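Student: Got a minute to go through this one with me? I'd like to start with the internal voids.
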Amino acid sequence: MRNTSEVTEFILLGIPHTEDLETMLFVLFLSFYLFTLMGNLLILLAIVSSTRLHTPMYFFLCKLSVCDIFFPSVSSPKMLFYLAGNSRAISYSGCVSQLFFYHFLGCTECFLYTVMAYDRFVAICYPLRYTIIMSHRLCAILAMGTSFFGCIQAIFLTTLTFQLPYCGSSGVDYYFCDIPVMLKLACADTSALEMVGFISVGLMPLSCFLLILTSYSCIVYSILQIRSTEGQQRAFSTCSAHLTAILLSFMPVVLIYLQPTPNPWLNATVQVLNNLVTPMLNPLIYSLRNKEVKYSLRKVLEQVVLIHEK
């Protein structure tokens, strides 16, 4: 993937229009990052430690928590490093790695939300056949499939971006290496590649969103057939957390990659929300609306307190 470019490293210029705010941003983003790691680790511990949560829905939630731990870790450590007053330089290979893992984890999460929507569709529309359809084998295949296709998409986008020659400016007008800002630094015509990237980045989440929309259309129809008001409320409550997480995940993609005229400051702000805030909120969304997760979290926290007291 490495070309004969003269550029051997890039300089991350950071979030536009935030000069002299480094200390405040460092404290703010470090808090977000630590809460994200802590929240998702607690969700993982709660699911792993409770046999009642060893079901397909929580299996996929477990993988989502793993992605939410690694996703902000792609860009946050380097951003915090230079906000603390250290070097803003990032090597060529480091830049390639950032772009690859950002899109790999982002695409994996996108596919994972689609699989989770299918899981809810089967649970609500075919409750008596749920355990048969969502077998351990199918869950494993779906989980591996999300990572496999996420990897394929990331390899394609990374190869598309870094097969270009980079021989001019090395200043990345952003806080991490992403496709739009990297194409601006290329010493070649990028119009064709921008169109291919636009179609590729836009088509994948759009396809996933249409599949999710189809699943939830069927789910809503099935819920409306339930005669009991209490049963309807329980079913809607089960799906509301997933829908909230989907909106928080898909809206940044639309705002960043599908806008006709990119706005660097808006893009950076939305990316910070996408990279740090959404992964931090996912544990809250799934735990606060779920009695079983809250009960398991309480047990985990009680065990932690007992160990600390000893």
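Student: How many cavities of 30 Å³ or more does a search of the whole structure find?

Tutor: The search finds 2 of them. Keep in mind that this is a predicted model.

Student: What volume does the largest cavity have?

Tutor: The largest cavity has a volume of about 290 Å³. Its lining counts 23 residues. Nearest its centre lie Gly106, Cys107, Ser249, Val253 and Asn274.

Student: Which helices supply at least two residues each to that lining?

Tutor: Helix H2 (56-73), helix H4 (92-125), helix H6 (136-162), H8, helix H9 (229-257) and helix H10 (264-288) each do. H4 gives the largest share, with 8 residues.

Student: How do the lining residues of the largest cavity divide into nonpolar, polar and charged?

Tutor: The split is 14 nonpolar, 7 polar and 2 charged.

Student: And the second largest cavity, how much space lies in there?

Tutor: About 30 Å³. The elements that give two or more residues to its lining are helix H1 (22-49), H2 and H10. H2 provides the largest share, 4 residues.

Student: Which residues line the second largest cavity?

Tutor: Asn40, Ile43, Leu61, Leu64, Ser65, Asp68, Asn282, Pro283 and Tyr286. By class, this lining holds 5 nonpolar, 3 polar and 1 charged.

Student: Let's zoom out. How many helices and strands are in the protein chain?

Tutor: There are 11 helices and 3 strands. From the N terminus on, the order is β-α-α-α-β-α-α-α-β-α-α-α-α-α. Of the 310 residues in the chain, 49% are buried.

Student: Why is helix H3 described as largely enclosed by the rest of the structure?

Tutor: H3 covers residues 76-83, and 6 of its 8 residues are buried, so the rest of the structure largely encloses this helix. The buried ones are Ser76, Lys78, Met79, Leu80, Tyr82 and Leu83.

Student: What follows H3?

Tutor: Glycine 85 comes after H3, and its phi is positive, near 100°.

Student: New topic: salt bridges. How many does a search of the whole structure find?

Tutor: It finds 2. In one, glutamate 22 pairs with arginine 88, with the closest N and O atoms 3.8 Å apart. Glutamate 22 is in helix H1 and arginine 88 is in the loop between H3 and strand S2 (89-91), so the pair ties together parts that are 66 residues apart in sequence.

Student: Is glutamate 22 buried or partly exposed?

Tutor: Partly exposed, because its relative accessibility is 25%. Arginine 88 also has 25% relative accessibility and counts as partly exposed.

Student: What about the pair of arginine 120 and aspartate 119, how far apart are the closest N and O atoms?

Tutor: They are 2.9 Å apart. Arginine 120 is buried at 9% relative accessible area. Aspartate 119 is buried too, at 1%.

Student: Where is glutamine 98?

Tutor: Glutamine 98 is in helix H4. At 6% relative accessibility, this residue counts as buried, since the cut-off is under 20%. Its C-alpha atom is 9.7 Å from that of serine 73, and the two residues are 25 apart along the chain.

Student: Last one, the surface. Which residues make the nonpolar patch of about 390 Å²?

Tutor: Met195, Phe198, Ile199 and Leu203. Methionine 195 is found in helix H8 (residues 191-224). An α-helix has 3.6 residues a turn, so residues three or four places apart point the same way.

Student: How accessible is methionine 195?

Tutor: Methionine 195 is partly exposed, with a relative accessible area of 47%.

Definitions and conventions:
Residues numbered from 1 in each chain as written. Predicted model: local features only at pLDDT ≥ 70, side-chain atom pairs only at ≥ 80, totals over all residues. Heavy atoms only, no water. Patch = residues over 30% accessible without salt bridge, like charges linked within 9 Å, V, L, I, M, F, W, Y side chains within 5 Å. Areas by Shrake-Rupley, 256 points an atom, 1.4 Å probe, with all protein chains shown as cover. Salt bridge = Lys/Arg side-chain N within 4 Å of Asp/Glu carboxyl O. Buried < 20%, exposed > 50% of the residue type's maximum accessible area, 1.4 Å probe, protein only. 1 Å grid on protein atoms, 1.4 Å probe; cavity = no way out; pocket = protein on both sides within 12 Å on 5 of 7 lines; lining within 4 Å. Points joined across faces, edges and corners; volume = space filled by probe spheres on them. Nonpolar A, V, L, I, M, F, W, Y, C, P; charged D, E, K, R; others polar.
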